[in-house]
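Please read the following account alongside the sequence and the coordinates. It proceeds from a single hairpin to the contacts between chains.

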Protein chains: 4
Amino acid sequence: MDKMQVLPDTQNEQDHREIMIDRVGVKELRYPARYLGANGTEQPTIAKYEMTVELPAHLKGTHMSRFVEALHAFPEPLCGESLAKLTEALAGRLQAQRAYIGCEFSIFREKEAPVSKMKSLLDYELGMEYRYCAEGGSELFLSAQIPVATLCPCSKAISERGAHNQRGVVTISVAADQKLTFEELIDLAESSASCELYAGLKRTDEKAVTERAYDQPVFVEDLARNVAAGLRKHDLISWYRVEAENFESIHNHNAYAMIES
Amino acid sequence: MDKMQVLPDTQNEQDHREIMIDRVGVKELRYPARYLGANGTEQPTIAKYEMTVELPAHLKGTHMSRFVEALHAFPEPLCGESLAKLTEALAGRLQAQRAYIGCEFSIFREKEAPVSKMKSLLDYELGMEYRYCAEGGSELFLSAQIPVATLCPCSKAISERGAHNQRGVVTISVAADQKLTFEELIDLAESSASCELYAGLKRTDEKAVTERAYDQPVFVEDLARNVAAGLRKHDLISWYRVEAENFESIHNHNAYAMIES
Amino acid sequence: MDKMQVLPDTQNEQDHREIMIDRVGVKELRYPARYLGANGTEQPTIAKYEMTVELPAHLKGTHMSRFVEALHAFPEPLCGESLAKLTEALAGRLQAQRAYIGCEFSIFREKEAPVSKMKSLLDYELGMEYRYCAEGGSELFLSAQIPVATLCPCSKAISERGAHNQRGVVTISVAADQKLTFEELIDLAESSASCELYAGLKRTDEKAVTERAYDQPVFVEDLARNVAAGLRKHDLISWYRVEAENFESIHNHNAYAMIES
Amino acid sequence: MDKMQVLPDTQNEQDHREIMIDRVGVKELRYPARYLGANGTEQPTIAKYEMTVELPAHLKGTHMSRFVEALHAFPEPLCGESLAKLTEALAGRLQAQRAYIGCEFSIFREKEAPVSKMKSLLDYELGMEYRYCAEGGSELFLSAQIPVATLCPCSKAISERGAHNQRGVVTISVAADQKLTFEELIDLAESSASCELYAGLKRTDEKAVTERAYDQPVFVEDLARNVAAGLRKHDLISWYRVEAENFESIHNHNAYAMIES
């Protein structure tokens, strides 16, 4: 007789509280991943996963090891399409009507400095979540955190010299078709700010980005609006939220704006 | 002529993108506060604030200094009722139809160890958010993070000796009447776990809590359901979400369950 | 017979590996505290404690509950002098030759905006550590994290308009006499930067701080050197390390400089 | 005439404060890396770098872009030997007598569950720092954070049933020869605890690890001593510090022990 058969199966016991669990599973699970970029190339990264399923009211517990099993067995590079497949596979493995997989990871893009053309990489934080529903209506959510520079229009207008500026971060969250690329979201945020960021800048570049930021001042409100204006005319996006947060150089707190579709 | 009158007022300029901003203001602003507990006593703490207002489409920017002014001028101890007042005052100061103030802070409760009666303090993370709407329908949200101990029923049932257990955290979020106290939420979470936590435990106490946890095993699912069962019959709560997260002692990731009303 | 007497006392057993433990105790223990400021006034705060003692090679374990007991029983406001007393008391309670208590907490200082005189509070992160040695040579260490604004001299010199600037943080760590005040360290860091920070600034103030920062550009190297120059001539300081870190507005990484005495 | 030649070179100006800077450079710089494991295979990861050099008293500033340039140009997989080369190259590029490069990154090891043989990956946080000194005496430091399970011997001894246990983390820091492998450090920590961790465990495995932990109880002191005993007899290690920290399941604070050679 198999040992597995004689061990009590506590999770499969009946539960009598009559409370369905919306999401149950694992969180903060880190695993290697390969990010599939817009241009078809793969980029290795490390993803932090949250994997959950719906649990009917009559079941006492889910089977935690199957979440890890599903992830470990998954051979494909990470993109919206493959995340959908993985989530459906998880639902199947756990006989769940709804399943959710969210993941967060960093990617890099190579940039050329504006004048010297020095090359370096800039990092971005991305996220995806697939919400699978057996009855239909499954949805894909993407998010991206894009660091930028912002220069204050008020400070520029009222000051005889200089203008306060700072690093900020734009967080774009969308419900979108699997064809939408993160690269579009990054480009939109970077072009909406006073200036984009670079890891490597020579002195000639520093002059260029300083003057560019001074010439394109944006409030945190402007930054959010510029991004929203781009998102709302995008065919592949059915819902969006844009958040802009400036790590103000004159305060120890941040300025913040949020627009939701 | 006053200098303020001659400085350009960039924020008051017209904006032509026709995009209303849902929330704009300050974030990560830390300020001293006095928490008003259920028993009417005050407890000093430090709160981290997010204060925002709605900005109509035709206005270019909000007035960031007024958020700080409103907070600095606020004399009352922190509770649902006073947060509502502060948020309304902010809306007035900024002539906004909607205003939101969220805050997060720590509080302590004195506990007696179960056997030795040794006294010590345990810390909890609380949060409040008031969403003011001039047209009516303002809402108060409370949240509490309560650290607890959980012992795995499956591990206990299948093992000849011992059972894995760990620290976990219950996060309760509710939309509630101002009369609801955080203390009720904390009590509910602590009584729903395998055992509550203490800062100070003598050896006799350690024996008691070890045995109590062994006698009351809960899955992360059980913990969430126990709390949900208490929340759903509470008259002052109109919406709730309970999250339970166990920092599994056998894994490097967490087990997680969530139930939303 | 008392139950305590019959419970096995595992910690008091002999250990035969012949390895002395440098520090053993509790960490991440949060407790309310009252900070005693330079002017003699008390300010409530919440401190995170690390409390440890040396454990001789022949003892198997320390008595963890006594650390909490010592802290819970301590009635005095927090300052270098009282921390020394608490650490000595801990050493006594645990019959240890060496004991260490470190704590981290936030404080606020009221500031007047430079032109409008608007009042608001700014938060600072402080730390203290007392290293008690029964044989003599006990030492007190203080640390302070002071947020400031820095404007890049290179960017100013090479650009036709504007100059990149950003929030930065100065971390000062010192071994010092109990008479040294944190307020001196904060003042030193703030006067060494391009400009100090404020929670509340009206438009007239924003003009003033923008221009001040433009008129006082500092590299991260300058900031560290300015602070070091002040520290090294201070009689009450026997050792120092100053770190300056700028959250560069043109990069997604930070600039950093460190000088140690 | 080249534009670079006409731009003022502020960093190369003379400084008259006569204060040498111990370390100046970049921090929180994230870049892709390939970790070279003990078995010669490469594993992609993302490293966070701190790169600094010593700056003589007479120089006003360092050249920040050269740090990024050095890293971007570096083609080799990450190991002690290659980090030494990169640090020396940095010193050369900046004409510095001393240079320091530290990096932190995650790696994964495949594990087999003890009974079911289910395969899964476990993540570890590693760090390396090379301190280059032109005059000789360069040193390599390694660090590893290894998550483990610990079961309290006292709780087991005094309780009629069960014993509290929890996740903990062992942090090993060493000054070592380039031949030392991280894998040895990980193995040492995992064998020193009550039980090692796994991402994937079936029910039969859960029984095995529960019973194993119960049979091998360790105090945080034991854990630190077990690791120290292994480190001090290792030929390739010239200095070590071991820290053990338990996320106590009965407290909301941690137990901590540290032994330094």
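**From a hairpin to the chain interfaces**

In chain D, strand 1 and strand 2 form a hairpin with five residues between the strands, and within this hairpin D:G40 adopts a positive phi near 90°. The model is a predicted one. Strand 1 of chain D runs antiparallel to strand 2 (residues 42-55) of chain D, and twelve bridges join the two. One position along this pairing is marked by D:Y31, which stands opposite D:A47 in strand 2 of chain D. In a regular strand, side chains alternate between the two faces of the sheet.

Strand 1 of chain D also pairs beyond its own chain. Strand 9 of chain C and strand 1 (residues 21-36) of chain D are antiparallel partners over five bridges. Within this pairing, C:A257 has D:V24 in strand 1 of chain D as its bridge partner. A pairing with the roles of the chains exchanged is present as well: strand 1 of chain C and strand 9 (residues 254-260) of chain D pair in the antiparallel sense, again over five bridges. Here the bridge partner of C:G25 is D:Y256, in strand 9 of chain D.

These strand pairings belong to a contact that takes 53 residues from chain C and 53 residues from chain D. Between them the two chains bury about 4,200 Å², with 56% of it on carbon and sulfur atoms. On the side of chain C, the residues that lose the most area to chain D are C:I19, C:R225 and C:Y256, which together account for 18% of what that side buries.

Polar and charged interactions also cross this interface. Four salt bridges are counted between chain C and chain D. In one salt bridge, the side chain of C:K60 meets that of D:D222, at 2.9 Å from N to O. Across the interface of chain C and chain D there are 24 residue pairs in polar contact, with both residues at pLDDT 80 or more. The elements of chain C that give two or more residues to the side touching chain D are strand 1 (21-36), strand 2 (42-55), helix 2 (64-72), helix 4 (153-158), helix 7 (220-231), strand 8 (237-246) and strand 9 (254-260). Strand 1 of chain C provides the largest share of that side, nine residues. By class, the residues of the side of chain C that touches chain D comprise 27 nonpolar, ten polar and 16 charged.

How are chain C and chain D related in space? A rotation of 180° with 0.0 Å of shift along its axis superposes chain C on chain D, with an RMSD of 0.0 Å. Since 100% of the interface residues of chain C are also interface residues in chain D, the copies meet through the same surface.

The account now turns to chain A and chain B. In this pair, 53 residues of chain A are in contact with 53 residues of chain B. The area buried between chain A and chain B is about 4,200 Å², 56% of it on carbon and sulfur atoms. In chain A, the greatest losses of area to chain B fall on A:I19, A:R225 and A:Y256, together 18% of what that side buries.

Strand 9 of chain A is joined by five bridges to strand 1 (residues 21-36) of chain B, and the two run antiparallel. A:A257 takes B:V24, in strand 1 of chain B, as its bridge partner. Four salt bridges are counted between chain A and chain B. Among the side chains that meet in a salt bridge are those of A:K27 and B:E245, at 3.8 Å from N to O. The count of residue pairs in polar contact between chain A and chain B is 24, both residues being at pLDDT 80 or more.

Chain A is superposed on chain B by a rotation of 180° with 0.0 Å of shift along its axis, at an RMSD of 0.0 Å. The two copies are therefore related as by a two-fold rotation axis. The same surface serves both copies, as 100% of the contact residues of chain A recur in chain B.

Salt bridges also occur within a chain. Over all chains, a search of the whole structure finds 92 salt bridges. One of them links A:R23 to A:E129, whose closest N and O atoms are 2.9 Å apart. Because A:R23 lies in strand 1 (residues 21-36) of chain A and A:E129 in strand 4 (residues 119-133) of chain A, the pair ties together parts that are 106 residues apart in sequence.

Terms used
Residues are numbered from 1 along each chain as its sequence is written. Chains are lettered from A and ligands numbered from 1 in the order in which they are written. This is a predicted model: local features need pLDDT of at least 70, side-chain atom pairs count only at pLDDT 80 or more; totals for chains, interfaces and linings use all residues. Side-chain values use heavy atoms; hydrogens and water are left out. Contact means heavy atoms within 4.5 Å. Buried area is the accessible area (1.4 Å probe) that two parts lose on being put together, summed over both. A polar contact is a pair of N or O atoms within 3.5 Å; within protein, one must be able to donate a hydrogen and the other to accept it, and residues adjacent in sequence count only if both atoms are side-chain atoms. Helices (H or I, at least four residues) and strands (E, at least two) are DSSP runs, numbered from the N terminus. Ala, Val, Leu, Ile, Met, Phe, Trp, Tyr, Cys and Pro count as nonpolar, Asp, Glu, Lys and Arg as charged, and the others, Gly among them, as polar. Two strands pair if DSSP finds at least two bridges between them. Copies are superposed by least squares on the C-alpha atoms of residues with pLDDT of at least 70 in both.
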